[in-house]
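Subject: Structure handover

Hi,

Here is the structure I promised to pass on. Please open it and keep it beside you while you read my notes.

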Amino acid sequence: MKMQNIMEQAKKMQNKIKKMQDELADKEVEASVGGGMVKAVVNGKQQLLSLEIEKEVVDPEDVGMLQDLIVSAVNEALTKANNMAGSEMQKLTSGMGLPPGLL
């Protein structure tokens, strides 16, 4: 019976994780860099949803700066999404006695 209980608990946890992942897909985080000149929005599944670039930052003579701003904005947004997902996972698994990073 003990093994059956473990399997049932594992199935319940899988369902909870799936539900959390579905909910994360609907959550959005935004990051902006360059004083708000470049904004990136990603969802909890770490998918880029939108990218806004103010026309003032578009300089044909300095494309490298624009590229750096885009990369920074997207990476910051992805970091926020990753932190959000980690926080949600921690809430879900708290009290289970699992080692950090197991799930």
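How many salt bridges does a search of the whole structure find? The search finds five. One thing to keep in mind: this is a predicted model.

**Salt bridges**

Side chains of opposite charge can pair when their charged atoms come close. Here are some of the pairs.

Start with Asp22 and Lys18. They form a salt bridge, and their closest N and O atoms are 2.8 Å apart. Both residues lie in helix α1, which covers residues 2-26. They sit four residues apart, about one turn of the helix. Asp22 is partly exposed, at 38% relative accessibility. Lys18 is also partly exposed, at 45%.

Next, go to helix α2. The side chains of Lys80 and Glu76 meet in a salt bridge there, at 3.9 Å from N to O. These two are four residues apart in the helix, so about one helical turn separates them. Lys80 has a relative accessible area of 36%, which makes it partly exposed. Glu76 is partly exposed too, with 32%.

Salt bridges that share partners also join Lys27, Glu88 and Lys91 into one network.

Now look at one pair in that network. Lys27 and Glu88 meet through their side chains in a salt bridge of 3.6 Å, N to O. Lys27 lies in the loop between α1 and β1, while Glu88 lies in helix α2, so the pair ties together parts that are 61 residues apart in sequence.

**A closer look at Glu88**

Is Glu88 buried or exposed? Glu88 is buried, because its relative accessible area is 18% and the cut-off for buried is under 20%. Its partner Lys27 counts as partly exposed, at 32% relative accessibility.

Helix α2, where Glu88 is found, spans residues 63-93. Which residues does Glu88 touch, leaving out those up to four places away in sequence? Glu88 touches Met20, Leu24 and Lys27. Try showing these side chains together on your screen.

**Surface patches**

Which residues form the negative surface patch? Glu30, Glu52, Glu54 and Glu56 form it. Take Glu30 from this group. Glu30 lies in strand β1, residues 28-33. Glu30 is partly exposed, with a relative accessible area of 44%.

There is a nonpolar surface patch as well. Leu48, Leu51, Ile53 and Val58 make it, and it covers about 310 Å². Leu51 has its place in strand β3, residues 48-53. The relative accessible area of Leu51 is 35%, so Leu51 is partly exposed.

**A backbone detail**

Most residues other than glycine have a negative phi. What is the phi of Gln46 near? It is near 60°, a positive value in a residue other than glycine. Gln46 is found in the loop between β2 (38-43) and β3. Gln46 is partly exposed, with a relative accessible area of 36%.

**To recap**

Two of the places to find again on your own are the Lys27 and Glu88 salt bridge and the loop that holds Gln46. Then find the negative patch with Glu30 and the nonpolar patch with Leu51.

Best wishes

Key
Residues are numbered from 1 along each chain as its sequence is written. This is a predicted model: local features need pLDDT of at least 70, side-chain atom pairs count only at pLDDT 80 or more; totals for chains, interfaces and linings use all residues. Side-chain values use heavy atoms; hydrogens and water are left out. Patches are made of residues with over 30% relative accessible area and no salt bridge: like charges are joined within 9 Å, nonpolar side chains (Val, Leu, Ile, Met, Phe, Trp, Tyr) within 5 Å. Accessible areas come from the Shrake-Rupley method with a 1.4 Å probe; for residues, only the protein chains shown count as cover. A salt bridge is a side-chain nitrogen of Lys or Arg within 4 Å of a carboxyl oxygen of Asp or Glu. Lys and Arg count as positive and Asp and Glu as negative; His and the chain ends are not counted. The place of a charge is taken as NZ of Lys, CZ of Arg, CG of Asp or CD of Glu. Buried means under 20% relative accessible area, exposed over 50%, partly exposed in between (1.4 Å probe, protein chains only). Contact means heavy atoms within 4.5 Å.
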